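Here is a small set of exercises to work through with the model open beside you. Try each task yourself before reading its solution.

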Amino acid sequence: MKSLVDLTGENLKMSLAEKASIVIGAVMLELEKYASINAAPKPITPPDNEFTGDYKKKKICQWSVNDLQDWLFKLGIKEFYQQSLAENMVDGFLLMSLTDHDMINHLNIDSRVVRKKIMQQILQTLDKEHRQADNWHLRARAQRSKADAVYLIYDPTDVRLAQNIKIDLRKKNLQVLHHDPNKLGRSKEEFLQINGPQIALATHVIVIMTGAVLASPFVFHEVLFADWLGKKLVTAMFKNVWKEIRPSLKAVLGDCPAVDFETKMYGESLDVLQHHIKPLRRVPGVVLEQAYLNKMADGLKPLEHLVIDRNGVTPVVPTEGDPQVFISYQWDMQAKVEDIKQLLEESNILCWADISVTGPPRGHSSKSTRSSVVTHLDTVGETLQSQIQRNMKASSVVLSCITPKYLQSDNCKKDLTLAETFNKPIIPILLRFSPLDSAPEQVRKILAKWNYIDLSNERLYKQNVGVVLEKN
């Protein structure tokens, strides 16, 4: 002992038995500090009726604060640490998001052994949950996807369209998966349980958007499940039904890339889709490589941007008989323009140019004659100017035939300004060498946004005329 027991003073008058009691008491107080070192641990007994073990019947994300305390007690975690989690109202959902840093700085769990034990037990508990039969979706989320596997989401009524896309994508060496048409299940849970693992195998998920999407529970549930799995979604838009689809689908698909199959040629759109899923490592040719990459990039836009133009107006869908291409030109290359128009129409691309309009043709000078024919009416009572506006508004693209005289003409300025007003894509084709610097400022600014297709001589015409067909 560090100090003697003082029996002097008032203690001096005590009896021998009293003095012995004081000495023994002092010795026992000193020894008590060391007695617990070698003593057997006392069994931990839970408070009466506090912990029932109900947490074992629940998933970890559903544990309440009391369930978590029960779990910590069964692990043998000290009461001090249990109390710290209880005071911070940590339940099972929050437990899964805890980090080592959180436990040190916010929960005062300073023991590294305790922190490690809690983290290991969380992982073990989650692993047991994954193995349960009704947790197939958790196993699907942890499943590794295949690089060249693609999953098609479509309504069963669009099965023919889906089969065609499936065949074409397989030609691109892609593995195409989709729901089993013979096993749709009797509920959304059963449908997803049957087909969900297939979605998990795919890296990219293609959503086929048609009118059937609006009322399709199959598309709705598969899209939301694919988004939960973290898959790369891309929309193949065959019909613009953006305004009518459910808000939850808009939230998921709006920012995801989309390809326009509705107004563009099927082959061109399929190339854009395939390039997005599996880009070519090497583009044939040197000169056309950048043009090809630009074309692929231009064909892919977020779905919300694809269906709504920059002024916030939904594009007009052409009706049967409306032209797909509006041709803007000047009289000096009329024969060449007629050849291009014929070539496009042989490929089932309906064109409009005022070549065959009844009445005076375009002027033979740099001044436009459109203002001089306002009194002339065609068979349905329209002026040439009204025909131009109507057909340009209905068309999908404007083909601008560039020559020196065209750049200086009023026809050029009016057509390009009208195309800009209607937000129409412009494809400039160079029929004769024409320095852009010679054009008026307004024309120059409009054409500067677009890439030329050079058809200025016979060799270039034969080489690049196919590009004109592709662009349209």
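**Exercise 1: Backbone turns**

Asn108 sits in the loop between H5 and H6; helices (H or I, at least four residues) and strands (E, at least two) are DSSP runs, numbered from the N terminus. Before going on, note that this is a predicted model, in which local features need pLDDT of at least 70 and side-chain atom pairs count only at pLDDT 80 or more, while totals for chains, interfaces and linings use all residues. Residues are numbered from 1 along each chain as its sequence is written, and side-chain values use heavy atoms, with hydrogens and water left out.

Task: Find the phi of Asn108 and of Met89, and describe where Met89 lies.

Solution:
- Step 1. Recall that most residues other than glycine have a negative phi.
- Step 2. Asn108 is not a glycine, yet has a positive phi of about 60°. Its relative accessible area of 47% makes Asn108 partly exposed (buried means under 20% relative accessible area, exposed over 50%, partly exposed in between, with a 1.4 Å probe and protein chains only).
- Step 3. Met89, also not a glycine, has a positive phi of about 55°. Met89 belongs to the loop between helix H3 (79-87) and helix H4 (92-97), and at 55% relative accessibility it is exposed.

**Exercise 2: Salt bridges**

Task: How many salt bridges does the structure hold, and which parts does the pair Asp100 and Arg115 tie together?

Solution:
- Step 1. Apply the cut-off: a side-chain nitrogen of Lys or Arg within 4 Å of a carboxyl oxygen of Asp or Glu. The structure holds seven such bridges.
- Step 2. In one of them, the closest N and O atoms of Asp100 and Arg115 are 2.9 Å apart. Asp100 is in helix H5 (residues 100-105) and Arg115 in helix H6 (residues 112-131), so the pair links parts 15 residues apart in sequence.
- Step 3. Compare the partners: Asp100 is partly exposed at 38%, whereas Arg115 is buried at 9%.
- Step 4. Now take Asp148 and Lys278, which meet at 3.9 Å, N to O. Asp148 lies in strand E1 (residues 146-153) and Lys278 in the loop between helix H12 (266-277) and helix H13 (289-298), so this bridge joins parts 130 residues apart in sequence.

**Exercise 3: Around Thr210**

Task: Is Thr210 buried or exposed, and which side chain makes a polar contact with its own?

Solution:
- Step 1. Locate Thr210 in the loop between strand E3 (202-209) and helix H10 (217-229).
- Step 2. With 9% relative accessibility, Thr210 is buried.
- Step 3. List its contacts (heavy atoms within 4.5 Å): beyond neighbours within four places in sequence, they are Asp158, Leu161, Phe238, Lys239 and Val241.
- Step 4. The side chain of Asp158 makes a polar contact of 2.5 Å with that of Thr210 (a pair of N or O atoms within 3.5 Å; within protein, one must be able to donate a hydrogen and the other to accept it, and residues adjacent in sequence count only if both atoms are side-chain atoms).

**Exercise 4: The buried face of a helix**

Task: Why do the buried residues of H16 line one face of the helix?

Solution:
- Step 1. Pick out the buried residues of H16 (residues 384-394): Leu384, Gln387, Ile388, Asn391, Met392 and Ala394.
- Step 2. Viewed down the helix axis, these residues fall within an arc of 160°, so they line one face; the arc is that of the directions from the helix axis to the C-beta atoms.
- Step 3. Their packing partners are strand E7 (325-328), strand E8 (351-352), strand E9 (397-402) and helix H18 (410-421).
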